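This report describes the fold, the helix packing and selected residues of one protein chain. The sequence and the structure are shown first.

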Amino acid sequence: MKTVIYLDELLLTNFLAAAALLLGAGLLCARQCSGLRLMAGSAAAAAASLGILLPELPGPAAFLYKVFTCCAAVAAAYGVPGLRNFVQLCVWYLLLNLLLCGAVLLPGVQSANLCVYLPLSPGRLLLCCGAVLAVLRGVLFCFGRAGTRCFAAVLELEGAALSVQAFCD
(Lines give C-alpha, C1' and ligand atoms only; values in the text may rest on other atoms or scores of the structure.)
Protein backbone atom coordinates (compact mmCIF):
# COMPACT_ATOMS: atom_id res chain seq x y z
CA MET A 1 0.00 0.00 0.00
CA LYS A 2 1.37 3.39 -0.99
CA THR A 3 1.07 6.41 1.23
CA VAL A 4 0.28 9.74 -0.38
CA ILE A 5 1.99 12.70 1.27
CA TYR A 6 0.76 16.16 0.35
CA LEU A 7 3.73 18.50 0.48
CA ASP A 8 1.73 21.61 1.33
CA GLU A 9 0.13 19.83 4.28
CA LEU A 10 3.46 18.32 5.39
CA LEU A 11 5.30 21.64 5.25
CA LEU A 12 2.57 23.76 6.87
CA THR A 13 1.96 21.29 9.67
CA ASN A 14 5.68 20.96 10.41
CA PHE A 15 6.11 24.72 10.23
CA LEU A 16 3.45 25.31 12.89
CA ALA A 17 4.56 22.40 15.08
CA ALA A 18 8.18 23.57 14.93
CA ALA A 19 7.13 27.10 15.93
CA ALA A 20 5.41 25.75 19.04
CA LEU A 21 8.35 23.51 19.92
CA LEU A 22 10.92 26.25 19.35
CA LEU A 23 8.88 28.54 21.63
CA GLY A 24 8.76 25.74 24.21
CA ALA A 25 12.53 25.28 24.08
CA GLY A 26 12.93 29.03 24.49
CA LEU A 27 10.62 29.01 27.52
CA LEU A 28 12.67 26.27 29.16
CA CYS A 29 15.92 28.15 28.53
CA ALA A 30 14.48 31.59 29.39
CA ARG A 31 15.19 32.80 25.84
CA GLN A 32 13.06 34.82 23.46
CA CYS A 33 13.24 35.30 19.72
CA SER A 34 11.59 37.75 17.38
CA GLY A 35 8.67 36.70 15.22
CA LEU A 36 10.82 36.89 12.10
CA ARG A 37 13.49 34.64 13.61
CA LEU A 38 10.81 32.22 14.81
CA MET A 39 9.48 32.03 11.27
CA ALA A 40 13.00 31.38 9.94
CA GLY A 41 13.56 28.56 12.45
CA SER A 42 10.15 27.07 11.71
CA ALA A 43 10.84 27.23 7.98
CA ALA A 44 14.17 25.45 8.49
CA ALA A 45 12.44 22.73 10.49
CA ALA A 46 9.68 22.38 7.90
CA ALA A 47 12.26 22.05 5.13
CA ALA A 48 14.04 19.39 7.20
CA SER A 49 10.83 17.35 7.30
CA LEU A 50 11.32 16.72 3.59
CA GLY A 51 13.95 14.20 4.71
CA ILE A 52 11.11 11.69 4.80
CA LEU A 53 11.16 11.77 0.98
CA LEU A 54 14.89 10.97 0.71
CA PRO A 55 16.12 7.44 0.16
CA GLU A 56 16.75 5.64 3.45
CA LEU A 57 20.12 6.69 4.89
CA PRO A 58 22.29 4.47 7.11
CA GLY A 59 21.61 4.96 10.84
CA PRO A 60 24.60 7.21 11.65
CA ALA A 61 23.98 9.39 8.59
CA ALA A 62 20.28 9.73 9.46
CA PHE A 63 21.23 10.69 13.02
CA LEU A 64 23.70 13.32 11.78
CA TYR A 65 21.03 14.67 9.42
CA LYS A 66 18.63 15.01 12.36
CA VAL A 67 21.23 16.69 14.58
CA PHE A 68 22.22 19.11 11.81
CA THR A 69 18.63 20.06 11.00
CA CYS A 70 17.79 20.50 14.69
CA CYS A 71 20.77 22.78 15.19
CA ALA A 72 19.93 24.71 12.01
CA ALA A 73 16.35 25.35 13.18
CA VAL A 74 17.49 26.48 16.63
CA ALA A 75 20.25 28.66 15.16
CA ALA A 76 17.79 30.29 12.77
CA ALA A 77 15.35 31.02 15.60
CA TYR A 78 17.71 31.99 18.43
CA GLY A 79 21.10 32.47 16.85
CA VAL A 80 24.03 31.02 18.76
CA PRO A 81 23.85 32.72 22.19
CA GLY A 82 27.00 31.02 23.44
CA LEU A 83 27.82 27.33 23.11
CA ARG A 84 26.22 26.25 26.40
CA ASN A 85 22.93 28.08 25.75
CA PHE A 86 22.85 26.85 22.16
CA VAL A 87 23.32 23.23 23.26
CA GLN A 88 20.60 23.65 25.91
CA LEU A 89 18.19 25.02 23.31
CA CYS A 90 19.00 22.16 20.92
CA VAL A 91 18.56 19.50 23.60
CA TRP A 92 15.22 20.92 24.78
CA TYR A 93 14.02 21.24 21.18
CA LEU A 94 14.95 17.61 20.54
CA LEU A 95 13.31 16.41 23.77
CA LEU A 96 10.11 18.32 23.02
CA ASN A 97 10.07 16.77 19.54
CA LEU A 98 10.37 13.32 21.12
CA LEU A 99 7.63 14.18 23.64
CA LEU A 100 5.32 15.23 20.83
CA CYS A 101 6.07 12.06 18.86
CA GLY A 102 5.38 9.99 21.97
CA ALA A 103 2.14 11.88 22.61
CA VAL A 104 0.67 11.11 19.21
CA LEU A 105 2.33 7.83 18.23
CA LEU A 106 -0.21 5.58 16.51
CA PRO A 107 -0.13 2.42 14.41
CA GLY A 108 0.63 3.21 10.79
CA VAL A 109 3.51 5.58 11.50
CA GLN A 110 5.99 5.82 8.66
CA SER A 111 9.52 7.02 9.06
CA ALA A 112 12.60 7.58 6.97
CA ASN A 113 15.88 9.15 8.03
CA LEU A 114 14.53 9.77 11.55
CA CYS A 115 11.69 11.86 10.10
CA VAL A 116 8.30 10.61 11.23
CA TYR A 117 5.09 10.83 9.23
CA LEU A 118 1.96 10.36 11.31
CA PRO A 119 -1.36 9.39 9.74
CA LEU A 120 -3.15 12.21 11.54
CA SER A 121 -5.09 15.18 10.34
CA PRO A 122 -3.11 18.41 10.58
CA GLY A 123 -5.65 19.73 13.07
CA ARG A 124 -5.18 16.81 15.45
CA LEU A 125 -1.40 16.95 15.21
CA LEU A 126 -1.36 20.69 15.88
CA LEU A 127 -3.81 20.24 18.75
CA CYS A 128 -1.42 17.72 20.32
CA CYS A 129 1.48 20.11 19.74
CA GLY A 130 -0.47 22.92 21.40
CA ALA A 131 -1.26 20.62 24.32
CA VAL A 132 2.45 19.90 24.83
CA LEU A 133 3.14 23.66 24.83
CA ALA A 134 0.23 24.28 27.24
CA VAL A 135 1.51 21.62 29.64
CA LEU A 136 4.96 23.19 29.47
CA ARG A 137 3.53 26.64 30.24
CA GLY A 138 1.56 25.13 33.14
CA VAL A 139 4.66 23.51 34.60
CA LEU A 140 6.58 26.77 34.33
CA PHE A 141 3.68 28.67 35.90
CA CYS A 142 3.52 26.25 38.85
CA PHE A 143 7.22 25.80 39.46
CA GLY A 144 8.56 29.13 38.28
CA ARG A 145 10.89 30.01 35.47
CA ALA A 146 14.61 29.69 35.76
CA GLY A 147 15.68 33.29 35.76
CA THR A 148 18.70 35.25 36.74
CA ARG A 149 19.64 35.07 40.38
CA CYS A 150 21.83 38.16 40.24
CA PHE A 151 20.41 41.50 41.20
CA ALA A 152 21.67 44.99 41.86
CA ALA A 153 22.43 45.85 45.48
CA VAL A 154 24.08 48.68 47.40
CA LEU A 155 26.56 47.97 50.17
CA GLU A 156 26.83 50.65 52.81
CA LEU A 157 29.71 50.57 55.23
CA GLU A 158 30.73 53.50 57.45
CA GLY A 159 28.93 56.03 55.28
CA ALA A 160 30.36 54.79 51.99
CA ALA A 161 28.01 53.26 49.41
CA LEU A 162 29.11 50.76 46.79
CA SER A 163 26.89 49.42 44.01
CA VAL A 164 27.41 45.70 43.46
CA GLN A 165 25.80 42.68 41.83
CA ALA A 166 24.53 40.23 44.43
CA PHE A 167 23.83 36.55 43.92
CA CYS A 168 20.78 34.98 45.53
CA ASP A 169 20.89 31.22 45.99
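What percentage of the 169 residues of the protein chain count as buried? In this predicted model, 30% of the residues are buried.

**Overall architecture**

The protein chain has five helices and four strands. Read from the N terminus, these elements follow the order α-α-α-α-β-β-α-β-β. About 10700 Å² of the protein chain is exposed, and carbon and sulfur atoms supply 69% of that area. Contacts between residues at least 6 apart in sequence were also classified by separation: 65% of them join residues at least 24 apart.

**The nonpolar core**

In soluble globular proteins, nonpolar side chains tend to be buried together. In the present model, the largest nonpolar core comprises 26 residues. Leu-22, Val-74, Tyr-78, Leu-89, Tyr-93, Leu-96 and Leu-136 have the most contacts inside this core. Two or more core residues are given by each of α1 (7-28), α2 (35-48), α3, α4 (83-104) and α5 (122-143). The largest share, eight residues, comes from α1.

Two of the residues with the most contacts in the core, Leu-22 and Val-74, can be described through their surroundings. With neighbours within four places in sequence left aside, Leu-22 is in contact with Leu-38, Gly-41, Ser-42, Ala-73, Val-74, Ala-77, Tyr-78 and Tyr-93. Val-74 lies in helix α3 and is buried, since its relative accessible area is 1%, under the 20% limit for that class. Under the same exclusion of sequence neighbours, Val-74 is in contact with Leu-22, Gly-79, Phe-86, Leu-89, Cys-90 and Tyr-93.

**Helices α1 and α3**

Do the lengths of these helices suit their residue counts? For α1, 22 residues at 1.5 Å a residue should span 32 Å, and the end C-alpha atoms are 31 Å apart, which agrees. Helix α3 (residues 59-78) has 20 residues and an expected span of 28 Å; its end C-alpha atoms are 28 Å apart, again in agreement.

The buried residues of α1 are Leu-10, Thr-13, Ala-17, Ala-18, Ala-19, Ala-20, Leu-21, Leu-22, Gly-24, Ala-25, Gly-26 and Leu-27. In α3, the buried residues are Ala-62, Tyr-65, Thr-69, Cys-70, Ala-73, Val-74, Ala-77 and Tyr-78.

Two packed helices are described by the angle between their axes and the distance between the axes. The axes of α1 and α3 come within 11 Å and cross at roughly 70°. This crossing makes α1 roughly perpendicular to α3, because angles of 65 to 115 degrees fall in that class. At the contact between the two helices, Leu-22, Leu-23 and Gly-26 of α1 meet Ala-73, Val-74, Ala-77 and Tyr-78 of α3.

**Residues beyond the helix ends**

Most residues other than glycine have a negative phi. Ala-30, just after α1, has a positive phi of about 55° although it is not a glycine. Ala-30 is located in the loop between α1 and α2 and counts as partly exposed, at 39% relative accessibility. Just after α3, Gly-79 likewise takes a positive phi, of about 75°.

Ser-34 also belongs to the loop between α1 and α2. Its relative accessible area of 38% makes Ser-34 partly exposed. Leu-53, in the loop between α2 and α3, is partly exposed as well, with a relative accessible area of 47%. Leaving aside neighbours within four places in sequence, Leu-53 is in contact with Ile-5 and Leu-7.

**Pairs separated along the chain**

The table lists C-alpha to C-alpha distances for three residue pairs.

| Residue pair | Separation in sequence | C-alpha distance |
|---|---|---|
| Ser-34 and Tyr-78 | 44 residues | 8.5 Å |
| Leu-53 and Ile-5 | 48 residues | 9.2 Å |
| Val-74 and Ala-40 | 34 residues | 9.4 Å |

One of these pairs, Leu-53 and Ile-5, is also in contact.

How values were computed. Residues are numbered from 1 along each chain as its sequence is written. This is a predicted model: local features need pLDDT of at least 70, side-chain atom pairs count only at pLDDT 80 or more; totals for chains, interfaces and linings use all residues. Side-chain values use heavy atoms; hydrogens and water are left out. The expected span of a helix is 1.5 Å times one less than its number of residues. Buried means under 20% relative accessible area, exposed over 50%, partly exposed in between (1.4 Å probe, protein chains only). A nonpolar core is a set of buried Ala, Val, Leu, Ile, Met, Phe, Trp, Tyr and Cys residues joined through side-chain atoms within 4.5 Å. Contact means heavy atoms within 4.5 Å. Accessible areas come from the Shrake-Rupley method with a 1.4 Å probe; for residues, only the protein chains shown count as cover. Axes are lines fitted to C-alpha atoms, for helices over the stretch in contact, and angles run from 0 to 180 degrees between N-to-C directions. Angles under 35 degrees count as roughly parallel, over 145 as roughly antiparallel, 65 to 115 as roughly perpendicular and the rest as oblique.
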